[in-house]
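Here's a short set of exercises to work through with the model open beside you. Try each task before you read its solution.

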Amino acid sequence: MTTLINNATIINEGEQYIGSLLIEDNRIAAIIRGNDTQGIVADQTIDATGQYLLPGVIDDHVHFRDPGLTHKADMASESRAAARGGITSIMDMPNCNPQTTTIETLEAKFADAQEKCLVNHSFYLGATTDNIEEIRRVDPRTVCGVKLFMGSSTGGMLVDQKERIENIFHESPTIIALHCEDQGIISANTAKYKEETHNNDPDVRYHPLIRSEEACFLSTAKAVELAKKTGAHIHILHITTARELELLESGNLQNKHITAEVCLPHLYYTCSDYATYGTRIKCNPAIKTATDRDALRQALRDGRIDVIGTDHAPHLLQEKEGGCLKAASGIPTIQYVLPAMLELSDKGIISLPEIAEKMAHNPATLYKVKERGFLRPGYRADLVLVKPNEPHMVSADTIVSKCGWSPFEGHTFRWNITHTWVNGHAVYEVGEFNEQYMGERLTFDR
């Protein structure tokens with residue numbers, strides 16, 4: 001099967017130009033600059049005039065809730081939401097039920113995904129205080145990484161003792177993705193604001209004061225110190241503060257062993273938005289000040305932040321009821337991250353080539369994903385086609401995630417995703433899903 005995507009504006013590897021792309025079976029067969037496609041014969045031709053063709057997004061940070069928490073979401077529903085949002089590959093976190101903390105539970109998730117997941121996928125092994133032998137068994141060629149929670153309400157997966165963290169840094173055969181918040185500071189702040197407000201569940205506006213700048217900075221500083229000591233490759237997830245950026249460096253991504261991700265909510269919202277959206281934008285780490293948000297945006301441009309992820313974390317809407325302690329933390333964002341970032345490009349905050357870099361090229365380079373993340377002949381045909389000036393309003397009947405709500409509900413994006421190809425298969429095409437095809441397990445050149 002061959003498909004010619006004709007006369008698109010191609011965004012790839014720092015360039016923007018009119019061209020066409022030929023898919024043959026599951027790979028990119030050719031990229032043609034300009035509008036001369038004479039002599040090319042294809043089974044299907046898509047006129048992409050006025051549309052933008054980008055490499056499919058690689059989301060290094062999702063919570064699909066499968067197994068065990070499937071009342072919130074599951075692999076099938078959330079991979080549909082990913083496909084609708086132009087995401088062609090995901091890396092899923094281990095805090096499900098049972099937790100993914102053994103090779104056995106890890107491989108069970110892979111087997112399940114082969115039957116349910118529309119997009120390409122990998123899964124993190126979760127670090128605990130006592131599973132170092134399982135970490136040593138990770139195959140870096142077939143597993144995206146190890147996830148270490150240095151601060152969060154994740155039960156036995158919280159690892160905050162310096163000696164244990166250092167041991168994991170020494171022993172992990174692959175990238176270690178980190179949630180950095182200092183649990184001691186969070187606990188002290190919780191007690192403080194409960195007392196000050198005379199409320200065991202203070203208003204959500206206290207969330208960034210409890211999960212504070214200090215809690216984030218001290219934990220991230222500890223991680224950076226230990227990474228420099230051990231030489232481990234750490235990837236710091238969902239950076240939220242300007243102060244943490246002092247710990248990061250720009251430069252060639254391939255030469256870094258301390259890298260960082262920012263997530264859509266922290267680029268888009270500020271703490272003033274709690275008054276409008278309430279607990280719908282409650283997540284960990286907390287959304288902070290406008291100064292922090294603007295610093296994160298600048299760090300995207302200067303290279304201190306390497307990757308844009310989602311931290312897609314669905315909950316039922318009733319689970320979001322309460323204040324800053326009772327309401328569940330997490331936001332379903334995977335369907336909207338690319339339109340939202342394209343909206344920020346309209347405002348001059350990030351360029352279209354930078355979006356491709358931070359959402360496709362860099363995740364592929366950082367994780368050494370094999371033959372994905374770029375529009376190159378011979379690479380897997382993971383692509384997204386986006387149409388500008390075709391308003392797409394977020395409403396209840398357009399939300400694909402099983403949780404059925406979004407903080408973007410009522411928002412109209414100027415950009416509409418029309419096609420998502422996974423390994424040359426159009427898994428999403430103008431409102432329709434192809435659920436006869438499932439994505440592949442990612443592999444890594446390590």
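**Exercise 1.** How many disulfides does the structure hold?

*Solution.* Some ground rules before we start: this is a predicted model, where local features need pLDDT of at least 70 and side-chain atom pairs count only at pLDDT 80 or more, while totals for chains, interfaces and linings use all residues. Residues are numbered from 1 along each chain as its sequence is written, and side-chain values use heavy atoms, with hydrogens and water left out.

Step 1: know the test. A disulfide here is a pair of cysteine sulfur atoms within 2.5 Å.

Step 2: count. The structure holds zero disulfides.

Step 3: check two cysteines. For C144, the closest cysteine sulfur belongs to C117 and is 12 Å away, so the two are too far apart for a bond. C216 isn't in a disulfide either: its nearest cysteine sulfur, in C180, is 8.7 Å away.

**Exercise 2.** Is C144 buried or exposed? Do the same for C216.

*Solution.* Buried means under 20% relative accessible area, exposed over 50%, and partly exposed in between, using a 1.4 Å probe and protein chains only. C144 comes out at 0%, which makes it buried. C216 is at 1%, and is buried as well.

**Exercise 3.** Find the strands that pair with β16, and say why β16 is largely enclosed.

*Solution.* Step 1: place the strand. Strands are DSSP runs of E with at least two residues, helices are runs of H or I with at least four, and both are numbered from the N terminus. β16 covers residues 412–422.

Step 2: look for partners; two strands pair if DSSP finds at least two bridges between them. β15 (residues 383–393) runs antiparallel to β16, with eight bridges, and H392 sits opposite F413. β17 (residues 425–429) is also antiparallel to β16, through four bridges, and here W421 faces A426.

Step 3: look at the turn. Two residues separate β16 and β17 in their hairpin, and N423 has a positive phi near 50°.

Step 4: check burial. Nine of the eleven residues of β16 are buried, so the rest of the structure largely encloses the strand.

**Exercise 4.** Which helix gives the most residues to the largest nonpolar core?

*Solution.* Step 1: a nonpolar core is a set of buried Ala, Val, Leu, Ile, Met, Phe, Trp, Tyr and Cys residues joined through side-chain atoms within 4.5 Å. The largest has 94 residues, and L148, F169, L178, I234 and M341 touch the most other members.

Step 2: α11 gives the most to this core, six residues. Nine of the ten residues in α11 (residues 337–346) are buried, including M341.
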